[in-house]
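Welcome! Here is a short guided tour for anyone meeting this protein model for the first time. Please have a look at the sequence and the structure, then read on.

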Amino acid sequence: AVGFASPTAPVCTVSGAIVTVVATGSCIIQTSQAGNTNYRAALAVQQSFTVGLGAVTVGSAANAGSYASGPFAPDAYIVIFGTGFSAAAMQATTALLPTTLGGATVTIADASGTAQAAQLYYVSPTQINLLLPKTMASGTATVTVANSGANNTSFAINIVAVSPAFFTADSSGNGPPAAIALKF
């Protein structure tokens, strides 16, 4: 019997003859055959391939508190859903939020033509949570999402001066506010 293994976990794993791709990078599949009393052991053979990120697609963008699809205000916390954003889920670990996280970047060109990088809280293959820049001009803005594989896509959003929203206790955007009431 021929056995298969991958010394490059966690890029890919092998179970029996099934290869599972887990992350981007170089994946090596190695074969082995122990031999028996009639046949000598076979030499190990390796085959490698590179796993990269594919196209970036955006399904929707919403206010992260209300899940409303817009309009958005400067300094708003928004969420983008789609595919191909990053190879793995990552969360910002510093108070000063990065503009690149997990290889993903989001750039917003506002109605005045000024392009700014958004600060990123969280990225995964299918979701990005970000903070819109504070100095966005009102009007139609173009959002460009790019991944580490140099793939990107753009879409339009509407920027307004104020767009209030509440985070809700049930994370639906429609339930009771996630808040604490104080009585004095």
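What follows is a briefing on the sheets, the aromatic rings and some local backbone features.

Please keep in mind that this is a predicted model. Two open sheets come up below: one has 3 strands in the order β1-β4-β5, and the other has 5 strands in the order β6-β7-β13-β12-β8. A cluster of rings made of Tyr77, Tyr121 and Phe167 is also worth finding.

**The sheet of 3 strands**

- Start with the open sheet β1-β4-β5, where the pairing is antiparallel.
- Its edge strands are β1, covering 3–5, and β5, covering 42–51, and each of them pairs on one side only.
- Neighbouring strands in this sheet are turned against each other by 20° on average, with direction ignored.
- Strand β4 spans residues 25–33 and runs antiparallel to β5, with 8 bridges joining the two.
- To see this pairing at the level of residues, look at serine 26, which stands opposite threonine 50 in β5.

**A nonpolar patch on the surface**

- Val19, Val21 and Phe49 together make a nonpolar surface patch of about 220 Å².
- Phenylalanine 49 sits in strand β5, so this residue links the patch to the sheet you have just visited.
- Phenylalanine 49 counts as partly exposed because its relative accessibility is 34%, which lies between the 20% limit for buried and the 50% limit for exposed.

**The sheet of 5 strands**

- The second open sheet follows the order β6-β7-β13-β12-β8, and its pairing is antiparallel.
- Here the edge strands are β6 (57–63) and β8 (90–91), each pairing on one side only.
- Strand β12 (residues 119–123) and strand β13 (residues 127–131) run antiparallel and are joined by 4 bridges.
- These two strands, β12 and β13, form a hairpin with 3 residues between them.
- Within the hairpin, leucine 120 stands opposite leucine 130 in β13, while tyrosine 122 faces asparagine 129 in β13.
- Strand β12 also pairs with β8, in the antiparallel sense, over 2 bridges.
- On that side, methionine 90 has valine 123 in β12 as its bridge partner.

**The aromatic cluster**

- How many aromatic pairs does the structure hold? There are 2, and these ring pairs link Tyr77, Tyr121 and Phe167 into a cluster.
- Tyrosine 77 and tyrosine 121 form an edge-to-face pair, with 4.6 Å from centre to centre and 75° between the planes.
- Tyrosine 77 lies in strand β7 (residues 77–83) and tyrosine 121 in strand β12, so their pair ties together parts that are 44 residues apart in sequence.
- The pair of tyrosine 77 and phenylalanine 167 is tilted, because the planes are at 40°; the ring centres are 5.8 Å apart.
- This pair links distant parts of the chain, with tyrosine 77 in strand β7 and phenylalanine 167 in the segment after β15 (152–159), 90 residues apart.
- Are the rings of this cluster in residues that are buried or exposed? Tyrosine 77 is partly exposed, with a relative accessible area of 24%.
- Tyrosine 121 is partly exposed too, at 31%, and phenylalanine 167 is likewise partly exposed, at 43% relative accessibility.

**Backbone features between β6 and β7**

- As background, most residues other than glycine have a negative phi, and most peptide bonds are trans.
- Which peptide bond is cis? The bond from glycine 70 to proline 71 is, with omega near 0°.
- Proline 71 is located in the loop between β6 and β7.
- Tyrosine 67 belongs to the loop between β6 and β7, and this residue has a positive phi of about 60° although it is not a glycine.
- With 39% relative accessibility, tyrosine 67 counts as partly exposed.
- Aspartate 75 also lies in the loop between β6 and β7, and its phi is near 70°, a positive value in a residue other than glycine.
- Aspartate 75 is partly exposed, with 38% relative accessible area.

Key
Residues numbered from 1 in each chain as written. Predicted model: local features only at pLDDT ≥ 70, side-chain atom pairs only at ≥ 80, totals over all residues. Heavy atoms only, no water. Pairing = 2+ DSSP bridges. Axes fitted to C-alpha atoms, helices over the stretch in contact; angles between N-to-C directions. Patch = residues over 30% accessible without salt bridge, like charges linked within 9 Å, V, L, I, M, F, W, Y side chains within 5 Å. Areas by Shrake-Rupley, 256 points an atom, 1.4 Å probe, with all protein chains shown as cover. Salt bridge = Lys/Arg side-chain N within 4 Å of Asp/Glu carboxyl O. Buried < 20%, exposed > 50% of the residue type's maximum accessible area, 1.4 Å probe, protein only. Phe/Tyr/Trp six-rings, centres within 6.5 Å; stacked < 30°, edge-to-face > 60°.
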